[in-house]
Amino acid sequence: MSLKDRITDDMKAAMRAKDSERLTTIRGLLAAIKQKEVDERVVVDDVGVVAIVDKLIKQRKDSISQFNAGGRPDLAEKEQLELQILEPYLPQRMSAEDVQAAVSAIVSELGAAGPGDMGRVMAAVKAQLAGKADMGLVSSAVKRALNP
């Protein structure tokens, strides 16, 4: 079963259970998937769905920090609930040690020497670790590897 099918099944289950928060969040995810398919005239595969979920999770985390800074814990709590609903659709994330090891291997493979090679290394790392690791963690690992 594809990830998109699983999300659709979860939406149907949320409808049957009358779980409005879960239903709204999953509908938003499906709308984002459909929007990408319409905009780019492609059928989104599991990798594309993971990228969309990752983007939505990043938006939720940003919103939570902004709402907390603005003194709106009620809205931050709503975003936290949506974050918890979206996270199960991501594959198991790599640990910080695994990310550092993968980045180090890519840096040595490319022969990158300093901060000037950041773009080249990030392109290779994104291709290899997309959907498997938090890209914020990856970016900091690349910076550490290129700035001894």
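Here are four short exercises, each with a worked solution, on a predicted model.

**Exercise 1. Work out how helix α5 lies against helix α7, and which residues make the contact.**

Let's start with the general idea: two packed helices are described by the angle between their axes and the distance between the axes.

Step 1: find the two helices. α5 covers residues 96-110, and α7 covers residues 135-146.

Step 2: take the distance and the angle. The axes come within 9 Å and cross at roughly 50°.

Step 3: put a word to that angle. Roughly parallel needs an angle under 35 degrees, and roughly perpendicular runs from 65 to 115. The crossing is at roughly 50°, so α5 and α7 are oblique to each other.

Step 4: add the handedness. α5 passes α7 in a right-handed crossing.

Step 5: list who touches whom. On the α5 side, the contact uses Ala 96, Val 99, Gln 100, Val 103 and Val 107. On the α7 side, look for Leu 137, Val 138, Ala 141, Val 142, Arg 144, Ala 145 and Leu 146.

Step 6: sort them by class. The contact has 10 nonpolar, 1 polar and 1 charged residues.

**Exercise 2. Zoom in on Ala 145: is this residue buried, partly exposed or exposed, and what does Ala 145 touch?**

Step 1: place the residue. Ala 145 belongs to helix α7.

Step 2: check the accessibility. The relative accessible area of Ala 145 is 28%, and the partly exposed class lies between 20% and 50%. That's why Ala 145 counts as partly exposed.

Step 3: look for partners. Setting aside residues up to four places away in sequence, Ala 145 touches Gln 100, Val 103 and Val 107. These three are among the α5 residues in the contact with α7.

Step 4: try a distance across the model. Ala 76 is 69 residues from Ala 145 along the chain, and their C-alpha atoms are separated by 35 Å.

**Exercise 3. Find out which parts of the chain the salt bridge between Lys 4 and Glu 37 ties together.**

Step 1: get the total. The structure holds 8 salt bridges.

Step 2: pick out this pair. The closest N and O atoms of Lys 4 and Glu 37 are 2.4 Å apart.

Step 3: locate both ends. Lys 4 sits in helix α1 (residues 3-17) and Glu 37 in helix α2 (residues 20-40), so the bridge ties together parts that are 33 residues apart in sequence.

Step 4: compare the surroundings. Lys 4 is partly exposed, at 25% relative accessible area, while Glu 37, at 12%, counts as buried.

**Exercise 4. Trace the salt bridges of Glu 82 and say which network Glu 82 belongs to.**

Step 1: take the bridge to Arg 60. The side chains of Glu 82 and Arg 60 meet at 2.6 Å, N to O. This pair links distant parts of the chain, with Glu 82 in helix α4 and Arg 60 in helix α3 (residues 46-69), 22 residues apart. Both Glu 82 and Arg 60 are buried.

Step 2: take the bridge to Lys 78. Here the N to O distance is 2.8 Å. Glu 82 and Lys 78 both lie in α4, 4 residues apart, about one turn of the helix. Lys 78 is partly exposed at 45%, whereas Glu 82 is buried at 11%.

Step 3: join them up. Salt bridges with shared partners connect Arg 60, Lys 78, Glu 79 and Glu 82 in one network.

Step 4: meet Glu 79. This residue is in helix α4 (residues 73-86) and, at 12% relative accessibility, counts as buried. Leaving out neighbours within four places in sequence, Glu 79 contacts Arg 60, Ser 63, Ile 64 and Phe 67.

Conventions
Residues numbered from 1 in each chain as written. Predicted model: local features only at pLDDT ≥ 70, side-chain atom pairs only at ≥ 80, totals over all residues. Heavy atoms only, no water. Axes fitted to C-alpha atoms, helices over the stretch in contact; angles between N-to-C directions. Parallel < 35°, antiparallel > 145°, perpendicular 65-115°, else oblique. Left-handed = near helix turned anticlockwise from the far one by under 90°. Contact = heavy atoms within 4.5 Å. Nonpolar A, V, L, I, M, F, W, Y, C, P; charged D, E, K, R; others polar. Buried < 20%, exposed > 50% of the residue type's maximum accessible area, 1.4 Å probe, protein only. Salt bridge = Lys/Arg side-chain N within 4 Å of Asp/Glu carboxyl O.
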